[in-house]
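Here is a friendly walk through one predicted model, with an eye to its covered parts, its rings and its charges. Please keep the sequence and the 3D view open as you read.

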Amino acid sequence: MRILLVSHTAMSRTAGQPRLHALANHPDFEVTALVPDRMNFYGKWETAETPVNPKFRYVIGAARGQNVAGQWYLQHYPTALKALICELKPDVLDLWHEPWSLVSAQAIALARKYSPQTRILTETEQNIYKRLPPPFAQFQAYTLRHAHYLVGRNAEAIEVARRKGWQGESRVIPNSVDCDLFQPAAARSQNEIFRIGYVGRLVPEKGLSDLLAAFAHLPNDSELILAGEGSMRQELEAQAQTLGIASRVTFVGNMPYLALPPLMQSFDVLVLPSRTTATWKEQFGRVLIEAGACGIPVIGSSSGAIPEVIADAGLVFPEGDIARLAGCLNQLKDSPQERETLGKIGRERAVWRYSWKQTAKFMAAIYHEMRQRGNRENSL
């Protein structure tokens with residue numbers, strides 16, 4: 001089966017290419033990936049990384065519109081996408097892009113013209129129903145009208161797509177984690193200090209002011225480590241000073257991806273205290289499954305997909321409820337046994353639900369189902 005996956009996420013060896021490696025191990029698949037030569041993410045230009053020992057074909061295409069402005073994507077391929085569709089005549093075209101992106105509409109239009117037998121899968125994380133400005137509303141309507149299958153990162157994303165007009169088959173396939181890279185420490189040290197960790201952007205919607213306020217209610221044998229950068233760093237540093245907890249709060253800045261597993265292994269708990277806004281809520285929270293894979297219990301707010309991702313591997317508090325967050329932190333601080341139990345559950349969930357191997361297994365089943373349905377329709 002010929003699979004063509006179009007994705008800017010697959011530019012990264014760590015964020016997207018593990019799915020390609022896992023899919024390429026399937027004996028029935030010939031996998032080709034098309035990625036842009038570069039993309040601008042949050043003001044920083046990144047270039048495509050060449051895969052290490054791939055069993056799949058990796059095409060870096062010259063793209064246009066790669067600058068991400070306000071999270072609206074106008075990326076498209078002047079020549080590479082058409083050439084691949086005409087050459088491959090793929091059985092399945094997997095669009096690892098939001099349905100409202102220009103490249104999704106472009107790919108579908110090209111497939112319908114040059115490879116009409118191709119089955120088209122669209123993927124989405126968008127879990128807030130909102131009015132899109134033109135031309136993105138038109139791109140979304142076109143994609144949802146002509147795709148054959150929808151994959152959502154969470155249940156809310158699929159519901160939003162249905163409200164936008166999706167009428168076909170769908171399934172939740174979550175984000176994934178490298179369970180070989182993120183794994184429990186060989187020998188976990190017994191910290192005298194209760195270590196609370198956060199990994200991610202330091203921006204208002206992540207609820208970090210709530211986390212600092214809740215942390216101020218914990219005794220002095222606790223510390224908070226914040227990994228990441230963002231517009232709120234100075235404000236958070238000032239808040240820590242005002243609360244009298246600055247000596248127990250450490251800002252470590254951005255860290256290389258490969259440095260995250262040992263950092264998470266040093267935590268007693270990881271917290272994701274996100275807050276929903278009018279235009280955003282947590283679409284998944286990848287750090288939750290990364291910590292889970294390390295055997296670390298997690299605490300998350302009720303924003304978006306967080307409760308769905310955590311399930312029984314941690315604690316959930318109502319977003320914005322500082323007292324409840326402080327209660328969750330104290331609860332786990334006082335119960336090493338509960339931390340150990342939740343950590344084991346998190347590791348088990350990471351392996352059977354969130355590993356790249358499992359994601360590839362889920363996607364492979366969908367690809368086969370799509371081709372079989374296409375064959376039946378073509379035979380009528």
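Helix α6, residues 208-215, is mostly covered, with seven of its eight residues buried. Buried here means under 20% relative accessible area, exposed means over 50%, and partly exposed lies in between (1.4 Å probe, protein chains only). Helices (H or I, at least four residues) and strands (E, at least two) are DSSP runs, numbered from the N terminus. The buried residues of α6 are L208, D210, L211, L212, A213, A214 and F215. What lies over them includes β10 (194-199), β11 (222-227), α7 (233-243), β12 (249-253), β13 and α11 (322-333), where contact means heavy atoms within 4.5 Å.

A word on how to read the values: this is a predicted model, so local features need pLDDT of at least 70 and side-chain atom pairs count only at pLDDT 80 or more, while totals for chains, interfaces and linings use all residues. Residues are numbered from 1 along each chain as its sequence is written, and side-chain values use heavy atoms, with hydrogens and water left out.

Next, take a look at R349, which is found in helix α12 (residues 336-354). Which side chain of opposite charge is nearest to R349? It is D312, 4.3 Å away, and R349 is buried yet has no salt bridge. A salt bridge is a side-chain nitrogen of Lys or Arg within 4 Å of a carboxyl oxygen of Asp or Glu; Lys and Arg count as positive and Asp and Glu as negative, while His and the chain ends are not counted. The side chain of R349 does make a polar contact with the side chain of Y354, at 2.9 Å. A polar contact is a pair of N or O atoms within 3.5 Å; within protein, one must be able to donate a hydrogen and the other to accept it, and residues adjacent in sequence count only if both atoms are side-chain atoms. Leaving out residues up to four places away in sequence, R349 touches E308, V309, I310, A311, D312, A313 and Y354.

One of those neighbours, A311, has a positive phi of about 50 degrees although it is not a glycine. A311 lies in the loop between α10 (306-310) and β15 (314-317) and is partly exposed, at 37% relative accessible area. K89 also has a positive phi, near 45 degrees, and is found in the loop between α2 (80-88) and β6 (92-95). The peptide bond from P134 to P135 is cis, with omega near 5 degrees; P135 is in the loop between β7 (119-124) and α4 (136-146). For context, most residues other than glycine have a negative phi, and most peptide bonds are trans.

Now for the rings. The structure holds six aromatic pairs. Rings of Phe, Tyr and Trp (its six-membered ring) pair if their centres lie within 6.5 Å; planes under 30 degrees apart count as stacked, over 60 as edge-to-face and the rest as tilted. W100 and F136 form an edge-to-face pair, 6.5 Å centre to centre with 90 degrees between the planes. This pair links W100, in the loop between β6 and α3 (102-114), to F136 in helix α4, 36 residues apart. W100 is buried at 5% relative accessibility, and F136 is buried at 6%. F284 and Y354 form another edge-to-face pair, at 5.9 Å and 85 degrees. F284 lies in the loop between β13 (269-272) and α9 (286-293) and Y354 in helix α12, so the pair ties together parts 70 residues apart in sequence. Ring pairs also link W100, F136 and F139 into a cluster.

Charges meet rings too: the charged end of R19 sits over the ring of W96, 3.8 Å from its centre. A charge sits over a ring if NZ of Lys or CZ of Arg is within 6 Å of the ring centre and within 35 degrees of the ring normal.

A search of the whole structure finds 17 salt bridges; the table shows some of them.

| Salt bridge | Closest N to O |
|---|---|
| K281 and E156 | 3.0 Å |
| E169 and R373 | 2.8 Å |
| R233 and E229 | 2.6 Å |

Salt bridges that share partners also join R19, D94, E123, E125 and R153 into one network.
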